[in-house]
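Hi there,

Here is the structure I said I would pass on. Have a look at it first, and then read my notes underneath.

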Amino acid sequence: MMKRFTLYNIGIVILLVMTGCEHRPLVDLNSNHYIRVYIDEQIKNVTYGFYDESREKPEYNQPNVIRVALHHPETDQVVAERYLQNSGTDERGYYLDGYIQANPGKYNVMVYNFGTESTQIKEEQSYWGMTAYTNTIANHLYGFLPKARQEYADSKIVYEPDHLFIDNIGQLEIKQGARTDTLYNSQGSHFHGQSMVETYYLQVRVKGIQWATSGVSLMSNLAGSKRMHNRQMVEEDSVLLFMDLKVAERDKEKDEAILYTTFNTFGKLPGKQTLFEVNFEFITVDGRSQLFTFDITPKFETEQVKKERWILLDEVIEIEPPPSVGDGGFQPGVDDWKDIWTDIII
């Protein structure tokens with residue numbers, strides 16, 4: 001299910017034009033600084049550690065643009081920036097690199113992959129205020145959530161975020177020099193972008209799946225945003241995460257199927273009193289909605305979730321059949337659709 005259509009290439013061009021028009025301090029053309037950003041591609045439940053290798057994994061695309069921003073430590077304003085697009089691979093892995101111009105001085109430096117589909121950045125011109133978040137879902141997706149939308153009328157339902165690879169350093173000193181130097185992170189090495197997004201695997205067993213035409217899920221009390229300079233969740237930004245479900249396997253004799261999904265999140269909100277619920281809503285072949293809600297708060301205390309991020313529900317969902325039993329309709333093939341001929345009044 002598509003999250004949102006984005007004009008990626010046009011967005012980059014517009015942003016480059018806008019930032020190119022800003023008034024920045026004059027820079028000595030000899031003040032070039034080399035910067036390399038490695039991408040940490042060891043992502044649990046994405047590139048490794050998946051629950052079942054035979055099932056569909058979440059998509060992962062290597063970042064192809066990295067934004068480098070140098071902020072003045074007192075004014076917090078961007079004084080130099082560069083979009084790295086040159087890429088390569090060596091024994092440390094995949095990286096993007098290039099050069100940025102900046103006069104000698106101290107800077108707060110932020111690097112991150114630019115132009116993801118669903119992860120948005122606000123306050124990009126502020127090192128301390130830069131925050132990653134994800135938008136509310138499109139209106140047409142609420143059609144899959146008639147009951148959940150009523151139950152959570154005051155809650156914000158959002159897309160899952162894309163992986164955002166970040167590294168940063170405060171008070172980086174660029175010294176006076178006659179030749180090109182290299183900028184390093186706080187560990188004294190090339191910058192190393194690590195994702196601030198976690199990926200979980202969720203699974204539930206369902207009886208009567210043949211009576212459903214669609215199935216989606218919501219999870220409550222997850223963080224809707226995260227501050228980039230310290231990777232801290234914005235605790236007052238509690239959201240419901242929207243997830244599409246897939247059918248892994250179906251046992252017709254037991255009338256039971258396994259439904260699963262993988263989902264990205266900025267994290268679960270802290271607090272001993274925080275309640276985590278997962279909701280499954282199905283639209284049946286006769287147009288009815290059936291909503292199932294489970295408290296999964298204790299699950300997050302298990303080693304399986306803490307270490308592996310696998311949420312395997314013990315409960316079994318039972319979908320009620322329609323009054324007139326047919327062949328069912330979850331994820332129908334093309335041959336299952338019938339031609340309907342009718343007059344359209346214009």
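Let's start with the whole protein: 47% of its 346 residues count as buried. Buried means under 20% relative accessible area, exposed means over 50%, and partly exposed is in between, using a 1.4 Å probe and protein chains only. Before you go further, note that this is a predicted model, in which local features need pLDDT of at least 70 and side-chain atom pairs count only at pLDDT 80 or more, while totals for chains, interfaces and linings use all residues. Residues are numbered from 1 along each chain as its sequence is written, and side-chain values use heavy atoms, with hydrogens and water left out.

The protein has three helices and 21 strands. Both are DSSP runs numbered from the N terminus: helices are H or I with at least four residues, strands are E with at least two. The exposed area is about 18700 Å², and carbon and sulfur atoms supply 48% of it. Accessible areas come from the Shrake-Rupley method with a 1.4 Å probe, and for residues only the protein chains shown count as cover.

How much of the contact set joins residues at least 24 apart? Taking contacts between residues at least 6 apart in sequence, the share is 72%. A contact here means heavy atoms within 4.5 Å.

Two residues show this well. Thr 265 sits in strand 18 and counts as buried because its relative accessibility is 2%. Leaving out residues up to four places away in sequence, Thr 265 touches Pro 161, Val 197, Glu 198, Tyr 200, Leu 222, Ala 223 and Leu 241. Its C-alpha atom is 9.0 Å from that of His 163, although the two residues are 102 apart along the chain.

Gly 93 belongs to strand 5, which covers residues 93-101. With residues up to four places away in sequence not counted, Gly 93 touches Tyr 38 and Gly 88. The C-alpha atoms of Gly 93 and Glu 41 are separated by 8.3 Å, with their positions 52 residues apart along the chain.

Now for the salt bridges. The structure holds 14 of them, each being a side-chain nitrogen of Lys or Arg within 4 Å of a carboxyl oxygen of Asp or Glu. Here are some to find on your screen:

- Arg 36 and Asp 90 meet through their side chains at 3.2 Å, N to O. Arg 36 lies in strand 1 and Asp 90 in strand 4 (residues 86-90), so this pair ties together parts that are 54 residues apart in sequence. Arg 36 is buried at 16% relative accessibility, while Asp 90 is partly exposed at 22%.
- Lys 44 and Glu 308 form a salt bridge at 3.9 Å, N to O. This pair links distant parts of the chain, 264 residues apart: Lys 44 is in the loop between strand 1 and strand 2, and Glu 308 is in helix 3 (residues 303-308). Lys 44 counts as buried at 16% relative accessibility, and Glu 308 as partly exposed at 27%.
- Lys 306 pairs with Glu 301, with the closest N and O atoms 3.8 Å apart. Lys 306 is partly exposed at 48%, whereas Glu 301 is exposed at 53%.
- Asp 52, Arg 55 and Glu 249 are joined in a network of salt bridges.

Next, a bit of backbone. Most residues other than glycine have a negative phi. Which value does Asn 45 have for phi? Its phi is near 70 degrees, a positive value in a residue other than glycine. Asn 45 is in the loop between strand 1 (32-39) and strand 2 (66-71), and counts as buried because its relative accessibility is 0%. Asp 76 is not a glycine either, yet has a positive phi of about 65 degrees. You will find Asp 76 in the loop between strand 2 and strand 3 (78-84), buried with a relative accessible area of 13%.

Last, the surface. Asp 251, Glu 253, Asp 255 and Glu 318 form a negative patch. Patches are made of residues with over 30% relative accessible area and no salt bridge, where like charges are joined within 9 Å and nonpolar side chains (Val, Leu, Ile, Met, Phe, Trp, Tyr) within 5 Å. Lys and Arg count as positive and Asp and Glu as negative, with His and the chain ends not counted. The place of a charge is taken as NZ of Lys, CZ of Arg, CG of Asp or CD of Glu. Glu 253 is in the loop between strand 17 (246-251) and strand 18 (256-265), and counts as exposed because its relative accessibility is 80%.

Cheers
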